[in-house]
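Subject: Structure handover

Hello,

Here is the structure, handed over with my notes. Please read them with the structure open.

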Amino acid sequence: VFTLSMLVAFPLYYAWVWLWVGPVLAMPKWFYAAVAVSAFAEMMFVLVPASSGWKQKVHEVAASFVGSVMVAIPLMFLIWSPQISPIVQQAIYAYIVACFVLVVLLVVPKYRKHTLVYEIIFCVAFLSVMSVAGHLS
């Protein structure tokens with residue numbers, strides 16, 4: 001069910017980022033390259049299960065890349081977008097702080113048992129900040 005929902009939802013999401021958010025925020029061309037590579041990596045970690053051996057490595061590398069891009073894209077907005085509104089700036093700052101807190105929680109061994117919860121929080125926070133950037137800029 002997860003794979004099917006991701007195969008439907010994320011191409012639509014990336015199309016929205018490509019066709020709406022990027023142009024609204026006047027992002028440079030390399031932004032679109034990052035989005036394209038991220039979309040490919042996201043499909044890789046959705047389609048390749050984190051089972052064992054090479055599949056686990058492919059899943060982990062793809063997921064790590066996508067996670068990095070999920071932090072980089074909002075930072076790109078702050079640095080390169082002339083149209084970004086103060087509310088979007090505040091949302092991005094809050095998101096970056098949340099990312100830092102999640103990384104700290106993942107480093108502390110006794111909190112690692114909640115990794116799935118942290119990943120969900122991270123993804124929802126990213127989608128939220130992207131929505132705010134796309135709609136309030």
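The notes below cover one helix and then the internal cavity search.

This is a predicted model, in which local features need pLDDT of at least 70, side-chain atom pairs count only at pLDDT 80 or more, and totals for chains, interfaces and linings use all residues. Numbering starts from 1 along each chain as its sequence is written, and side-chain values use heavy atoms, without hydrogens and water.

Helix 4 (helices are DSSP runs of H or I, at least four residues, numbered from the N terminus) spans residues 86-107. From first C-alpha to last, its 22 residues reach 32 Å, close to the 32 Å expected (1.5 Å times one less than the number of residues). Val 88, Ile 92, Tyr 95, Cys 99 and Leu 102 of helix 4 are buried (under 20% relative accessible area, with exposed over 50%; 1.4 Å probe, protein chains only). These residues lie on the same side of helix 4, because their arc around the axis is only 80° (taken from the directions from the axis to the C-beta atoms). Their cover includes helix 3 (53-80) and helix 5 (115-136), contact being heavy atoms within 4.5 Å. On the face turned away, the exposed residues are Pro 86, Ile 87, Gln 90, Val 97, Phe 100 and Val 107.

As for the interior, the lining of the largest cavity divides into 7 nonpolar residues, no polar and 1 charged (Ala, Val, Leu, Ile, Met, Phe, Trp, Tyr, Cys and Pro count as nonpolar, Asp, Glu, Lys and Arg as charged, the others as polar). Helix 1 (2-24) and helix 5 each supply at least two of the lining residues.

Regards
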